[in-house]
Amino acid sequence: RGYDMKNREKTIFVKNLALSKKFYSDIIGLRAKKTENGLVLDDRFLLIESQSPINTEKIVFETDDFSETLRKILSLGTVELSRRVDETDDGRRFLSILDPDGNSVRIEESVDSHLKNLIASGKTAREVASLTSLSIDKVILALKHH
(Lines give C-alpha, C1' and ligand atoms only; values in the text may rest on other atoms or scores of the structure.)
Protein backbone atom coordinates (compact mmCIF):
# COMPACT_ATOMS: atom_id res chain seq x y z
CA ARG A 1 0.00 0.00 0.00
CA GLY A 2 1.28 3.46 -0.87
CA TYR A 3 1.83 6.38 1.44
CA ASP A 4 -1.34 8.14 2.62
CA MET A 5 -1.07 11.46 0.78
CA LYS A 6 -3.58 13.36 2.92
CA ASN A 7 -1.31 13.10 5.97
CA ARG A 8 1.85 14.18 4.20
CA GLU A 9 3.21 17.61 5.08
CA LYS A 10 6.30 17.70 2.91
CA THR A 11 8.09 15.69 0.24
CA ILE A 12 11.87 15.90 0.17
CA PHE A 13 13.72 14.63 -2.90
CA VAL A 14 17.13 13.16 -2.08
CA LYS A 15 20.00 11.62 -4.09
CA ASN A 16 20.82 8.84 -1.62
CA LEU A 17 17.98 7.43 0.48
CA ALA A 18 20.32 5.52 2.84
CA LEU A 19 22.44 8.61 3.57
CA SER A 20 19.36 10.76 4.14
CA LYS A 21 17.83 8.11 6.41
CA LYS A 22 21.01 8.16 8.52
CA PHE A 23 20.86 11.95 8.76
CA TYR A 24 17.16 12.26 9.60
CA SER A 25 16.93 9.14 11.79
CA ASP A 26 20.26 9.02 13.61
CA ILE A 27 20.88 12.73 13.99
CA ILE A 28 17.48 14.39 13.96
CA GLY A 29 15.82 11.40 15.66
CA LEU A 30 12.86 10.80 13.34
CA ARG A 31 11.30 7.35 13.03
CA ALA A 32 11.78 6.00 9.51
CA LYS A 33 9.37 3.64 7.77
CA LYS A 34 10.04 2.20 4.30
CA THR A 35 7.25 2.46 1.72
CA GLU A 36 7.04 1.51 -1.93
CA ASN A 37 7.57 5.19 -2.83
CA GLY A 38 10.50 5.95 -0.53
CA LEU A 39 10.87 6.56 3.17
CA VAL A 40 8.35 8.14 5.55
CA LEU A 41 9.76 10.02 8.55
CA ASP A 42 7.54 10.46 11.62
CA ASP A 43 4.50 10.41 9.32
CA ARG A 44 5.44 14.01 8.43
CA PHE A 45 7.96 13.76 5.60
CA LEU A 46 8.26 11.58 2.54
CA LEU A 47 11.79 11.08 1.20
CA ILE A 48 11.93 10.08 -2.46
CA GLU A 49 15.13 9.20 -4.26
CA SER A 50 15.87 11.36 -7.30
CA GLN A 51 19.02 11.75 -9.37
CA SER A 52 18.59 15.53 -9.53
CA PRO A 53 16.83 16.75 -6.39
CA ILE A 54 15.97 20.43 -6.09
CA ASN A 55 17.37 21.69 -2.77
CA THR A 56 14.96 24.43 -1.79
CA GLU A 57 13.33 22.97 1.31
CA LYS A 58 13.48 24.81 4.62
CA ILE A 59 12.84 22.28 7.37
CA VAL A 60 12.49 23.14 11.08
CA PHE A 61 12.71 20.70 13.99
CA GLU A 62 12.49 21.19 17.75
CA THR A 63 14.53 19.14 20.20
CA ASP A 64 14.17 18.68 23.95
CA ASP A 65 17.90 18.05 24.28
CA PHE A 66 19.65 20.65 22.14
CA SER A 67 23.12 19.89 23.53
CA GLU A 68 22.85 16.16 22.75
CA THR A 69 21.50 16.85 19.24
CA LEU A 70 24.38 19.26 18.62
CA ARG A 71 26.87 16.66 19.87
CA LYS A 72 25.46 14.07 17.42
CA ILE A 73 25.67 16.53 14.53
CA LEU A 74 29.27 17.49 15.28
CA SER A 75 30.31 13.85 15.77
CA LEU A 76 29.48 13.10 12.13
CA GLY A 77 32.00 15.59 10.87
CA THR A 78 30.30 15.57 7.48
CA VAL A 79 27.44 17.98 8.19
CA GLU A 80 28.04 21.49 6.96
CA LEU A 81 27.15 24.13 9.54
CA SER A 82 25.43 27.03 7.81
CA ARG A 83 26.16 29.25 10.80
CA ARG A 84 27.06 29.08 14.45
CA VAL A 85 24.63 28.28 17.26
CA ASP A 86 22.39 31.30 17.68
CA GLU A 87 19.44 32.32 19.85
CA THR A 88 15.86 33.26 19.06
CA ASP A 89 14.41 36.47 20.47
CA ASP A 90 13.21 34.55 23.53
CA GLY A 91 16.63 32.96 24.15
CA ARG A 92 16.09 29.47 22.70
CA ARG A 93 19.17 28.06 21.00
CA PHE A 94 19.05 27.07 17.34
CA LEU A 95 21.38 25.86 14.65
CA SER A 96 21.02 25.93 10.87
CA ILE A 97 22.67 23.14 8.93
CA LEU A 98 22.42 21.60 5.49
CA ASP A 99 21.21 18.04 5.01
CA PRO A 100 23.18 15.73 2.70
CA ASP A 101 21.29 17.16 -0.30
CA GLY A 102 21.74 20.83 0.58
CA ASN A 103 18.30 21.46 2.09
CA SER A 104 18.27 23.99 4.91
CA VAL A 105 17.52 22.34 8.27
CA ARG A 106 16.98 24.42 11.39
CA ILE A 107 17.12 22.68 14.76
CA GLU A 108 15.63 24.63 17.68
CA GLU A 109 15.56 24.05 21.39
CA SER A 110 11.93 23.32 22.30
CA VAL A 111 9.97 25.87 24.30
CA ASP A 112 9.39 23.35 27.10
CA SER A 113 13.07 22.52 27.33
CA HIS A 114 13.99 26.21 27.38
CA LEU A 115 11.46 26.85 30.17
CA LYS A 116 12.85 23.97 32.24
CA ASN A 117 16.41 25.26 31.81
CA LEU A 118 15.44 28.78 32.88
CA ILE A 119 13.53 27.48 35.90
CA ALA A 120 16.42 25.16 36.84
CA SER A 121 18.82 28.11 36.67
CA GLY A 122 16.93 29.75 39.53
CA LYS A 123 14.98 32.40 37.62
CA THR A 124 11.69 33.48 39.16
CA ALA A 125 8.42 32.92 37.33
CA ARG A 126 8.21 36.64 36.56
CA GLU A 127 11.78 36.67 35.15
CA VAL A 128 11.05 33.61 33.01
CA ALA A 129 7.82 35.18 31.70
CA SER A 130 9.71 38.34 30.83
CA LEU A 131 12.53 36.47 29.06
CA THR A 132 10.24 34.22 27.04
CA SER A 133 7.24 36.49 26.37
CA LEU A 134 5.04 33.74 27.83
CA SER A 135 2.21 34.50 30.18
CA ILE A 136 2.93 34.23 33.89
CA ASP A 137 0.18 31.56 34.05
CA LYS A 138 2.00 29.30 31.54
CA VAL A 139 5.25 29.72 33.44
CA ILE A 140 3.59 28.89 36.79
CA LEU A 141 2.01 25.81 35.18
CA ALA A 142 5.46 24.73 33.95
CA LEU A 143 6.91 25.31 37.44
CA LYS A 144 4.30 22.98 38.91
CA HIS A 145 5.37 20.21 36.51
CA HIS A 146 9.12 20.73 37.13
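These are questions and replies on a predicted model of one protein chain.

Me: What makes up the protein chain, in helices and strands?
Reply: The protein chain has five helices and eight strands. Read from the N terminus, their order is β-α-β-β-β-β-α-β-β-β-α-α-α.

Me: How much of the protein chain counts as buried, and what surface does the chain expose?
Reply: Of its 146 residues, 39% count as buried. The chain exposes about 8900 Å², and carbon and sulfur atoms supply 47% of that area.

Me: What share of the contacts joins residues 24 or more positions apart?
Reply: Among contacts with a separation of 6 or more, such pairs account for 51%.

Me: Why is tyrosine 24 called buried?
Reply: The cut-off for buried is under 20% relative accessible area. Tyrosine 24 has 1% relative accessibility, so it counts as buried. This residue is found in helix H1.

Me: Which residues does tyrosine 24 touch, apart from its neighbours in sequence?
Reply: Contact requires heavy atoms within 4.5 Å. Leaving out residues up to four places away in sequence, tyrosine 24 touches Ile12, Gly29, Leu30, Leu41, Leu47, Ile59, Phe61, Asp99 and Val105. For one of these, leucine 41, the C-alpha atom lies 7.8 Å from that of tyrosine 24, and the two residues are 17 residues apart along the chain.

Me: What makes a group of residues a nonpolar core, and how many residues has the largest?
Reply: The members must be buried residues of the nonpolar kinds, joined through side-chain atoms within 4.5 Å. The largest such core has 21 residues, and those with the most contacts inside it are Tyr24, Ile28, Leu47, Phe61 and Val105. Elements that give two or more residues to this core include strand E1 (10-14), helix H1 (17-27), strand E5 (58-63) and strand E8 (104-109). H1 gives the most, with four residues. Apart from this core lies another, of seven residues, among them Leu115, Leu118, Ala125 and Val139. As a general tendency, nonpolar side chains in soluble globular proteins are buried together.

Me: Which residues of H1 are buried, and what is found at its start and after it?
Reply: The buried residues of H1 are Leu17, Ser20, Phe23, Tyr24, Ser25 and Ile27. At the start of H1, a side-chain oxygen of asparagine 16 comes to within 3.0 Å of the backbone nitrogen of alanine 18. H1 is followed by glycine 29, which has a positive phi near 90 degrees.

Me: Which residues of helix H3 are buried, and what comes just after H3?
Reply: In H3 (residues 111-120), the buried residues are Ser113, His114, Leu115, Leu118 and Ile119. Glycine 122, just after H3, takes a positive phi of about 95 degrees.

Me: Why is the pair of aspartate 43 and lysine 33 called a salt bridge?
Reply: A salt bridge needs a side-chain nitrogen of Lys or Arg within 4 Å of a carboxyl oxygen of Asp or Glu. The closest N and O atoms of aspartate 43 and lysine 33 are 3.4 Å apart, so the pair meets that limit. Aspartate 43 lies in the loop between E3 and E4 and lysine 33 in strand E2 (residues 32-34), so the salt bridge ties together parts that are 10 residues apart in sequence.

Me: Are aspartate 43 and lysine 33 buried, exposed or partly exposed, and how do you know that?
Reply: Partly exposed lies between under 20%, which is buried, and over 50%, which is exposed. Aspartate 43 has a relative accessible area of 43%, so it is partly exposed. Lysine 33 has 46%, so it is partly exposed.

Me: How many salt bridges does the structure hold, and which residues form a network?
Reply: The structure holds eight salt bridges. Glutamate 108 forms one with arginine 92, with the closest N and O atoms 3.4 Å apart. That pair links strand E8 with the loop between strand E6 (86-87) and E7, 16 residues apart. Glutamate 108 and arginine 92 are buried. Salt bridges that share partners join Glu62, Arg92, Arg106 and Glu108 into one network.

Me: What makes glutamate 109 buried and arginine 93 partly exposed?
Reply: Glutamate 109 has 2% relative accessibility, under the 20% limit, so it counts as buried. Arginine 93, with a relative accessible area of 26%, falls between 20% and 50%, so it is partly exposed. These two residues form a salt bridge, with the closest N and O atoms 3.4 Å apart.

Definitions and conventions: Residues numbered from 1 in each chain as written. Predicted model: local features only at pLDDT ≥ 70, side-chain atom pairs only at ≥ 80, totals over all residues. Heavy atoms only, no water. Buried < 20%, exposed > 50% of the residue type's maximum accessible area, 1.4 Å probe, protein only. Areas by Shrake-Rupley, 256 points an atom, 1.4 Å probe, with all protein chains shown as cover. Polar contact = N/O pair within 3.5 Å; in protein donor to acceptor, adjacent residues only side chain to side chain.
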